[in-house]
Amino acid sequence: MKRILVTGAGGQIGVELVPYLRSRYGAENVLATARKPLSGPVGEGGPFALLDVRDGKAFAALAKSFGADSILHLAGVLSAKGESDPLASWDINVGGSTTALEVARECGAAFFFPSSIAAFGPSTPSKNTPQDTIQRPTTIYGVAKVTLELLCDYYHRKFGLDTRGLRFPGLISYEALPGGGTTDYAVHIYYDAVRKGHYTSFIAGGTYMDMMYMPDALAAVVQLMEADPSKLVHRNAFNISAMSFDPEEIAGSIRKFLPGFILDYDVDPLRQSIAESWPDSLDCTAAREEWGFAPEYDLDRMTADMLARIREKEGLPPV
């Protein structure tokens, strides 16, 4: 990657991926785009442009004028939010992504697409979920992810487009609060642990979901995009994960640093039903063997860093 265009730069991944890419490739070589103006490192730390990813003409003109050789397409509506307006979610998640694929084809740019554990469903094997398995998701978000996994495969076979993708688990970060996902509790719990010493979970105890700390996710994106294409058997939608836990286990990890932390529950039926349709744990063998995926953070190491970073943001002394 030399000239990189990132869509959805204001989202949970984008706000960290853009500065990460700029530090590696040079600020002038990473163009961040979003539908709304952005301040801070993303909007002011390098090139930035307003873009609705459904506008193919504007998208293509921007990519060509920038000389993009890689498009990292992050723009999308998350799982729980998508259920409140399925048609709007489909319009952005599938319509916008198809437009992005077409722009990449026109420009001859490599294309990255973030899939998700939401691409699986209740009929998928839930433990050690295989890389290649049945995918019958029950949310519009998941249906869109499967659609784009297949479209990326199609564009690679039909047009020779260099498409690559990851099935992200829940992503945990101290930089930006997530915006309407089912795994959001795993971010909010850390903030409330620092601010209140107490958290009310909308996901029930005993509900396991795959998770990953954001530094590992950022490294995985770059590692995959820089991987030798001759070694990529699957190419799109690699299973990746660093850990799997339920709310009780993450609370137990927090208590190792904040012994008085209290966890209780007020389960949200919508997000609980979505969580129950997803895998408990993923088989990441393909990612390890084809491009060397190796996350660094386990639960306790992530917890220590999350609590320290949030306390620093809140102006609090270290624990």
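Reader: What makes the contact between the side chains of Asp-52 and Arg-54 a salt bridge?

Author: In this predicted model, the side chains of Asp-52 and Arg-54 meet with a distance of 2.9 Å from N to O. A salt bridge requires a side-chain nitrogen of Lys or Arg within 4 Å of a carboxyl oxygen of Asp or Glu, and since 2.9 Å is within that limit, the pair of Asp-52 and Arg-54 qualifies. By this rule the structure has 13 salt bridges.

Reader: Why is Asp-52 called partly exposed, and why is Arg-54 given that label?

Author: Buried means under 20% relative accessible area, exposed means over 50%, and partly exposed is what lies in between. Asp-52 has a relative accessibility of 29%, so it counts as partly exposed, and Arg-54, at 32%, is therefore partly exposed as well.

Reader: How do you know that Arg-235 and Asp-162 form a salt bridge, and where in the chain does each of them sit?

Author: The closest N and O atoms of Arg-235 and Asp-162 are 2.5 Å apart, which is within the 4 Å of the rule, so this pair is counted too. The pair links distant parts of the chain, 73 residues apart: Arg-235 belongs to the loop between helix H8 (214-225) and strand S10 (238-239), whereas Asp-162 belongs to the loop between helix H6 (140-159) and strand S6 (163-168).

Reader: Is Arg-235 buried or exposed, and what value decides the label of Asp-162?

Author: Arg-235 has 8% relative accessibility, which is under 20%, and therefore it counts as buried. Asp-162 reaches 25%, between the two cut-offs, so it is partly exposed.

Reader: What makes Glu-314 and Arg-195 a salt bridge, and which parts of the chain does this pair link?

Author: The closest N and O atoms of Glu-314 and Arg-195 are 3.1 Å apart, again within 4 Å, so the rule is met. Glu-314 is in the segment after helix H12 (299-313) and Arg-195 is in helix H7 (residues 185-195), so that the bridge links distant parts of the chain, 119 residues apart. Glu-314 has a relative accessible area of 34% and is therefore partly exposed; Arg-195, at 48%, stays under the cut-off for exposed and so is partly exposed too. As for shared partners, Asp-52, Arg-54 and Asp-91 are joined by salt bridges into one network.

Reader: Why is Pro-318 called exposed?

Author: Pro-318 lies in the segment after H12. Its relative accessibility is 74%, which is over 50%, so Pro-318 counts as exposed. The C-alpha atoms of Pro-318 and Ala-308 are separated by 6.3 Å, with their positions 10 residues apart along the chain.

Reader: How do you know that the side chains of strand S8 alternate?

Author: In a regular strand the side chains alternate between the two faces of the sheet. In S8 (residues 198-201), Tyr-199 and Ser-201 point to one face and are buried, while His-198 and Thr-200 point to the other face and are not.

Reader: What makes S8 and S12 a pair of strands?

Author: Two strands pair if at least two bridges are found between them; four bridges join S8 to strand S12 (residues 262-265), so the condition is met, and the two run parallel. Tyr-199 stands opposite Leu-263 in S12.

Reader: Why are S7 and S11 called edge strands?

Author: Three strands form an open sheet in the order S7-S9-S11, with mixed pairing. Strand S7 (170-172) and strand S11 (243-245) each pair on one side only, and these are the edge strands. Strand S9 (residues 209-213) pairs with S11 in the antiparallel sense over three bridges, and Met-211 has Met-243 in S11 as its bridge partner.

Reader: Which residues line the largest cavity, and which element gives the most to that lining?

Author: The structure holds one cavity of 30 Å³ or more, and the space in the largest cavity is about 30 Å³. Its lining residues are Phe-113, Ser-115, Leu-148, Glu-149, Cys-152, Arg-164, Gly-165, Asn-236 and Ala-237. H6 gives the most, with three residues. The lining divides into four nonpolar, three polar and two charged residues.

Conventions
Residues are numbered from 1 along each chain as its sequence is written. This is a predicted model: local features need pLDDT of at least 70, side-chain atom pairs count only at pLDDT 80 or more; totals for chains, interfaces and linings use all residues. Side-chain values use heavy atoms; hydrogens and water are left out. Buried means under 20% relative accessible area, exposed over 50%, partly exposed in between (1.4 Å probe, protein chains only). On a 1 Å grid over the protein atoms alone, a cavity is a set of points where a 1.4 Å probe fits but cannot get out, and a pocket is an open set with protein on both sides within 12 Å along at least five of seven lines; lining residues have an atom within 4 Å of a point. Grid points are joined across faces, edges and corners, and a volume is the space filled by probe spheres set on the points. Ala, Val, Leu, Ile, Met, Phe, Trp, Tyr, Cys and Pro count as nonpolar, Asp, Glu, Lys and Arg as charged, and the others, Gly among them, as polar.
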